[in-house]
Amino acid sequence: SYHPLAKWKTNHVIYWITNMINWGNKTDEKMKCVQELKDWGVKGEDFIKADKQILNTLGIENPLIQQRILGGRDHILQNPSIVKEVLEACDDKKLQLQHLQNEIQSIKAQLSELKMEKSNDQKDNG
């Protein structure tokens with residue numbers, strides 16, 4: 001009984017739980033949950049059969065959020081396209097990050113060129 005959800009790594013689970021589950025204004029609880037997911041290395045396959053007891057061990061003890069998470073998981077089990085959506089969103093994030101890092105490198109290079117020009121100017125004036 002293989003489900004595409006098994007493809008999710010921890011970063012995908014975190015993306016899903018933080019972006020697709022409604023936490024209301026409970027930011028602290030959300031961040032605590034993210035930390036637990038990281039610490040335990042929770043993957044998609046862990047969520048396929050997850051229940052309230054498992055959520056409790058992850059420090060997710062509020063019945064409302066448990067219901068939202070398990071409801072969201074059931075929704076994924078019926079709509080595997082959500083799995084793909086999250087995988088793609090995380091890939092996009094990786095690409096964006098790579099793009100930003102490249103931009104930063106080129107800005108650094110430009111800055112060091114400017115500094116060199118400036119120090120050359122000062123030598124000429126001196």
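Which residues of α1 are buried? In this predicted model, in which local features need pLDDT of at least 70 and side-chain atom pairs count only at pLDDT 80 or more, whereas totals for chains, interfaces and linings use all residues, the buried residues of α1 are Thr10, His12, Val13, Ile14, Tyr15, Trp16, Ile17 and Thr18. Residues are numbered from 1 along each chain as its sequence is written, and side-chain values use heavy atoms, with hydrogens and water left out. Buried denotes a relative accessible area under 20%, exposed one over 50%, and partly exposed the range in between, with a 1.4 Å probe and protein chains only. Helices (H or I, at least four residues) and strands (E, at least two) are DSSP runs numbered from the N terminus.

Because 8 of the 10 residues of helix α1 (residues 10-19) are buried, this helix is largely enclosed by the rest of the structure. Its buried residues pack against α2 (27-40), α3 (44-48), α5 and α6 (81-125). The largest nonpolar core, a set of buried Ala, Val, Leu, Ile, Met, Phe, Trp, Tyr and Cys residues joined through side-chain atoms within 4.5 Å, comprises 27 residues, of which Trp8, Trp16, Ile17, Leu37, Phe47 and Ile69 touch the most other members. The elements that contribute two or more residues to this core are α1, α2, α5 and α6. When residues up to four places away in sequence are not counted, leucine 37 touches Thr10, Val13, Ile14, Ile17, Val42, Phe47 and Leu58, contact being defined as heavy atoms within 4.5 Å.

Aromatic pairing was assessed for the rings of Phe, Tyr and Trp (its six-membered ring), which pair if their centres lie within 6.5 Å and count as stacked with planes under 30 degrees apart, as edge-to-face over 60 and as tilted for the rest. By this rule the count comes to 2 aromatic pairs. The rings of tryptophan 8 and tryptophan 16 have centres 5.9 Å apart and planes at 45 degrees, so this pair is tilted. Tryptophan 16 also forms an edge-to-face pair with phenylalanine 47, at 5.6 Å centre to centre and with 75 degrees between the planes. Since tryptophan 16 lies in helix α1 and phenylalanine 47 in helix α3, the latter pair ties together parts that are 31 residues apart in sequence. Tryptophan 8 and tryptophan 16 are buried, phenylalanine 47 is buried as well, and ring pairs link Trp8, Trp16 and Phe47 into a cluster.

Alanine 6, in the segment before α1, is partly exposed, with a relative accessible area of 23%. Its C-alpha atom is separated by 4.2 Å from that of glutamate 45, although the two residues are 39 residues apart along the chain. Leaving aside neighbours within four places in sequence, alanine 6 is in contact with Gly44, Glu45 and Ile48.

Glutamine 66 is located in helix α5 (residues 63-78) and counts as buried at 4% relative accessibility. With neighbours within four places in sequence again left aside, glutamine 66 is in contact with Lys52, Leu55, Asn56, Ile60 and Glu61.

A search of the whole structure finds 0 disulfides, a disulfide being a pair of cysteine sulfur atoms within 2.5 Å. The sulfur of cysteine 33 is 15 Å from the closest cysteine sulfur, in cysteine 90, and is therefore too far for a bond. Cysteine 33 is buried, with a relative accessible area of 4%, and cysteine 90 likewise counts as buried, at 7% relative accessibility.
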